[in-house]
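Work through the exercises below with the sequence and coordinates open. Each task is followed by a solution in steps.

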Amino acid sequence: MSRPVRRALVAVTMLLAAAVTAAAAPANAAVSSVPTLTAIRTGANPGFDRIVLDLTAGGAPSAGYQLFDELTADPTGDVVWLTGQYFVNVTVPFAAAHDDNGVPTYTGPQKFRTWNLRNVMAVAVTGDFEAQLTVGLGVRSRTTVNVFTLTAPNRVVIDVAS
């Protein structure tokens, strides 16, 4: 094989390797880390109870909620027995309560009473499955709920009117 042909083959090989690397890089770069739950804080405020879910860095969290007559565990569907007359189910997609190795990042209680709050009676982590975190609240009365997120650091804030 002549020297010019060898050089051309080496150049083509290097171009193909660069193209494969460039094609794979965006796929790897698009994978963002999933924020994980580290703490649940509660606080009584004038006119509302506040629950804050502290999350690690990662993609900006989003959250939503629904009011239910009972809570169910994700993914089993088993009823979650929690103190309260009504229940608020908060869903945080693309978040978890464990790391990539399955080790829990939230080491607090999975279910606890909130004696210091007026309307919220109890909180429970009801699901941590397929990058969807769910937290349930047991409340005394069906009332206004406001769920929003904050970043730097990542948090999900749940305000329940008293």
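Asp69 is exposed, with 60% relative accessible area, where exposed means over 50%, buried under 20% and partly exposed in between (1.4 Å probe, protein chains only). The model is predicted, so local features need pLDDT of at least 70 and side-chain atom pairs count only at pLDDT 80 or more, while totals for chains, interfaces and linings use all residues. Residues are numbered from 1 along each chain as its sequence is written, and side-chain values use heavy atoms, with hydrogens and water left out.

**Exercise 1. Find the salt-bridge partner of Asp69 and state what the pair ties together.**

Step 1. A salt bridge is a side-chain nitrogen of Lys or Arg within 4 Å of a carboxyl oxygen of Asp or Glu. Asp69 forms one with Arg142, and the closest N and O atoms are 3.1 Å apart.

Step 2. Asp69 sits in the loop between strand E3 (64–68) and strand E4 (71–72), and Arg142 in the loop between strand E9 (132–139) and strand E10 (145–150), so the pair ties together parts that are 73 residues apart in sequence. Helices (H or I, at least four residues) and strands (E, at least two) are DSSP runs, numbered from the N terminus.

Step 3. Arg142 is partly exposed at 43% relative accessibility.

**Exercise 2. How many salt bridges does the whole structure hold, and which of them involve strand E2?**

Step 1. The search of the whole structure gives four salt bridges. Side chains of opposite charge can pair when their charged atoms come close.

Step 2. One of them joins Arg41 to Asp54, with 2.8 Å between the closest N and O atoms. Arg41 belongs to strand E1 and Asp54 to strand E2, so this pair ties together parts that are 13 residues apart in sequence. Arg41 is partly exposed at 42% relative accessibility, whereas Asp54 is buried at 15%.

Step 3. Another joins Arg118 to Asp49 at 3.6 Å, N to O. Arg118 is in the loop between strand E7 (111–113) and strand E8 (120–129) and Asp49 is in strand E2, so parts 69 residues apart in sequence are tied together. Arg118 is partly exposed, with a relative accessible area of 44%; Asp49 is buried, with a value of 0%.

**Exercise 3. Describe how E1 is joined to E2, and how E6 is joined to E3 and E9.**

Step 1. Two strands pair if DSSP finds at least two bridges between them. Strand E1 (residues 37–45) and strand E2 (residues 48–55) run antiparallel and are joined by eight bridges. Leu37 is placed opposite Leu55 in E2.

Step 2. E1 and E2 make a hairpin with two residues between them, and Gly47 in the turn has a positive phi of about 90°.

Step 3. E3 pairs with E6 in the antiparallel sense over five bridges, with Tyr65 opposite Val90 in E6. E6 is also antiparallel to E9, through eight bridges, and there Phe87 stands opposite Gly138 in E9.

**Exercise 4. Place Asn154 and Thr105, and list what each contacts.**

Step 1. Asn154 lies in the loop between E10 and strand E11 (155–161) and is buried at 6% relative accessible area. A polar atom of the Asn154 side chain lies 3.0 Å from the backbone oxygen of Thr56.

Step 2. Contact means heavy atoms within 4.5 Å. Beyond four places in sequence, Asn154 has contacts including Pro35, Leu53, Asp54, Leu55 and Thr56.

Step 3. Thr105 is in the loop between strand E6 (86–93) and E7 and is partly exposed at 23%. Thr105 and Leu37 are 68 residues apart in sequence, yet their C-alpha atoms are 6.1 Å apart. Beyond four places in sequence, Thr105 is in contact with Thr36, Leu37, Thr38, Ala96, Ala97, His98 and Asp99.

**Exercise 5. Summarise the whole chain and say where pLDDT stays under 50.**

Step 1. The protein has one helix and eleven strands, and the helix precedes the strands in the pattern α-β-β-β-β-β-β-β-β-β-β-β.

Step 2. Of the 162 residues, 32% are buried. Among contacts between residues at least 6 apart in sequence, 60% join residues at least 24 apart.

Step 3. pLDDT, the predictor's confidence in each residue from 0 to 100, averages 86, and 80% of the residues score at least 70. Over residues 20–31 pLDDT stays under 50, and the model has zero contacts there beyond four places in sequence. Where pLDDT is low, the predicted coordinates should not be read in detail.

Definitions and conventions: A polar contact is a pair of N or O atoms within 3.5 Å; within protein, one must be able to donate a hydrogen and the other to accept it, and residues adjacent in sequence count only if both atoms are side-chain atoms.
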